[in-house]
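User: I would like to go through this structure and ask what stands behind the terms used for it. Please set each value against its definition.

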Amino acid sequence: MSAAKKFDAIIIGCGQAGPPLAGRLTAAGQTVALIERKLVGGTCVNTGCKPTKAMVASAYAAHLARTGADYGVSIGTVSVDMKAVKVRKDKVTRDSRASLEGWIAGMKGCTLYRGHARFEGPHEVRVGGELLHGERIFINVGGRANIPDMPGIGDIEYLTNTSMMEVDFLPRHLVVVGGSYIGLEFAQMFRRFGSEVTVVEKGPRLISREDEEVSEAVKGILEHEGIKLRLNAECISFAAHPDGVTVGVDCTSGDRAVTGSHVLLAIGRKPNTDDLGLDKAGVAADKRGNVEVDDQLRTNVPHIWAMGDCNGKGAFTHTAYNDFEIVAANLLDNDKRKVTDRIEAYALYIDPPLGRAGMTEAAARKSGRKVLVGQRPMTRVGRAVEKGETQGFMTILVDADTRQILGASVLGTGGDEAIHAVLDLMYAGAPIETLQRAMHIHPTVSELLPTIAQELKPLA
C-alpha cells in the first residue's frame, strides 16, 4: 500500500466555508487538499439559496404580471413556462459553480479531490483509492433533508428541497409537509406558478420559532394568495392514490386527509456526518449527528475543526461563511473571534420577506429584562404604500435599562435588507439613541426605523 500524501490541511467539503478557508491557507503558503463528493458550492449554490431565490424571482415576476392591473398595466392572460424557469435557475447555479471551480483551480497549493471522504485515523482521510494525511483537518460536509420514519413514507414518491430543483413541470396540487422556512418558500413559489398548494404542519402555527404575531401575519399573507393551511396535523401519514398521494393530517377540524399530485417533505435538515468515519478519528458528535465544537469551532480532537451546517451552530450560508472567518481569524490573524460573538440573524424569503435579528419578543420576555418595544405596520410606511406592498410590520426591541437594542423583525417589502440597519447597530453596541437620531433616506422602508425607535413603549 502506498504512503499517504501529506498536506498541511485537509478540508472535507466545498460548501460555503471550505473554499474560502482553502484560499486563506494557500495564500499563507500552506498545502491544502480540498475534497468534494458531488458539486462544488454545497447546498447554497446547488440546491439552496442560489436556485431557490432564482425561482422566487420568477414567481414574483408571475405574481406582478397577474396583478399588473392594480398598477394601471394591462398584460392579459399570464402563463408560466416551468421549463424556462428551470433553464434560468440552472444557469444561475451553473455560473456560480463555474466561478467557484475556477477560483479553486487557480489556488496555488490546493488540490481538489472528487469523491467521498472517510476518516481512517485522526490525521488520515481516504478518498477513493487515495489516502491523505493532514496536519489539520476541517470538516465542512453540510446537511441534507431530514426524512422522518412516518407511516407510509416508504410507499410513496416524494420530493425534497434537492429533488425540487429538477422539477420542470407544474404540479397540479403540491402538498407541502412542514410549515417552516423551506416549506413556506416553496409553497408560495408554486402557488404563484399556478399550482394548488396545501401546507401541512404538525404544530399549532407556522414558523414556530417566531413570535405568534409574526406567525399569524405570515399565515394571512399565504392564505390571501389561496394557499390552504392544515395546522395541528398530529398524525401525519402517507398513502399512494390514483391521483398522486394522500396525506393523512388528522387535524382538529376539516377533512382528515388531503390528496395531492405531489408531496414535498420540508421537515428540517440533518448533518452529513453519518458516513464520515468520525469514530476512527475520535471526533465526538451529538445524538443528532452534529459534530461537537467549542466557541472557536474546534472539535474534541485538537487538530480537527467543524464548520457549517454539520456543527449545529447555524443552518445558513451566512453562518457557515462566518464559521470560516472565525477559524481563519484564530489560525492566521491572531484574532480570538468566537461563535458567541455573533448575533442571530436570518430571513424568510416569502414575499414580502421577513428579516430577523437578535431576540424575539418571547425570548426578551423570558430573559427577565425590562423591555421596550416599537412597532409600525407597513400600511404606514410610505415606500410600501407607493409600491402597493403593504403587508407586514416592523418591530424593534430595546432593553429599558441599558438602552441596548435586543432584536428586530421586519416583515414587509425590503425586510431582508432593511433589517441590517438595526443589525449593524447591534454589532456596534450602539444605544437606541443612535438609531433615533439617524437621518435615513426618503422614501425607503428603512427610514421608518428611527421613527419607530422614538415611539417605544413597555412590552406587555
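Analyst: This is a predicted model. A helix pair is a convenient start: helix H3 and helix H4 (residues 82-105) pack with their axes 9 Å apart, at an angle of about 145°. The crossing of H3 and H4 is right-handed.

User: Which residues make the contact of H3 with H4?

Analyst: From H3, the residues are Lys50, Pro51, Ala54, Met55, Ala57 and Ser58, and they meet Val85, Arg88, Lys89, Val92, Thr93 and Ser96 in H4. Sorted by class, the contact of H3 with H4 has 6 nonpolar, 3 polar and 3 charged residues.

User: Why are H3 and H5 called oblique to each other?

Analyst: The axes of helix H3 (residues 49-66) and helix H5 (residues 181-193) cross at roughly 40°. Angles under 35 degrees count as roughly parallel, and 65 to 115 as roughly perpendicular. The crossing angle of roughly 40° fits neither class, and H3 and H5 are therefore oblique. Their axes come within 8 Å, and H3 passes H5 in a left-handed crossing.

User: What makes H3 and H5 a contact pair, and which residues take part?

Analyst: Contact means heavy atoms within 4.5 Å. On the H3 side, Thr52, Lys53, Met55, Val56, Ser58, Ala59, Tyr60, Ala62, His63 and Arg66 take part, and on the H5 side Glu185, Phe186, Met189, Phe190, Arg192 and Phe193. The residues of this contact divide into 9 nonpolar, 3 polar and 4 charged. Met55 and Ser58 are listed in the contact with H5 and also in the contact with H4.

User: Why are strand E10 and strand E14 said to stand at the edges?

Analyst: The sheet is open, with 4 strands in the order E10-E9-E8-E14 and parallel pairing. Strand E10 (228-230) and strand E14 (262-265) each have a single partner strand, so one side of each has no neighbour in the sheet. The twist averages 20° from one strand to the next.

User: How do you know that E9 and E10 pair?

Analyst: Two strands pair if DSSP finds at least two bridges between them. Strand E9 (residues 196-200) and E10 run parallel and are joined by 3 bridges, so the condition is met. Thr198, for one, has Lys228 in E10 as its bridge partner. H5 packs on this sheet, touching strand E8 (173-177), E9 and E14, and its direction makes about 165° with that of E9.

User: What is the pairing in the sheet with the order E11-E12-E13?

Analyst: The pairing is antiparallel, in an open sheet of 3 strands. Strand E11 (237-241) and strand E13 (257-260) are the edge strands, as each pairs on one side only. Here the twist averages 25° from one strand to the next. E11 is joined to strand E12 (residues 244-248) by 5 bridges, and Ala239 has Thr246 in E12 as its bridge partner.

User: Which strands does E1 run parallel to?

Analyst: Strand E1 (residues 5-12) is joined to strand E6 (residues 130-139) by 7 bridges, with Lys6 opposite His133 in E6. E1 is also joined to strand E2 (residues 32-36), by 4 bridges, and Ala9 has Val32 in E2 as its bridge partner. Both pairs run parallel.

User: How do you know that the chain agrees with a compact globule?

Analyst: For 460 residues, a compact globule would have a radius of gyration near 23 Å, and the protein chain has 24 Å, which agrees. Along the principal axes, its C-alpha atoms fill a box of roughly 70 × 60 × 40 Å. The protein chain has 13 helices and 22 strands.

Key
Residues are numbered from 1 along each chain as its sequence is written. This is a predicted model: local features need pLDDT of at least 70, side-chain atom pairs count only at pLDDT 80 or more; totals for chains, interfaces and linings use all residues. Side-chain values use heavy atoms; hydrogens and water are left out. Axes are lines fitted to C-alpha atoms, for helices over the stretch in contact, and angles run from 0 to 180 degrees between N-to-C directions. Helices (H or I, at least four residues) and strands (E, at least two) are DSSP runs, numbered from the N terminus. Angles under 35 degrees count as roughly parallel, over 145 as roughly antiparallel, 65 to 115 as roughly perpendicular and the rest as oblique. A crossing is left-handed if the near helix is turned anticlockwise from the far one by less than a right angle, and right-handed if clockwise. Ala, Val, Leu, Ile, Met, Phe, Trp, Tyr, Cys and Pro count as nonpolar, Asp, Glu, Lys and Arg as charged, and the others, Gly among them, as polar. The radius of gyration is taken over C-alpha atoms; the globule rule is 2.2 Å times the number of residues to the power 0.38.
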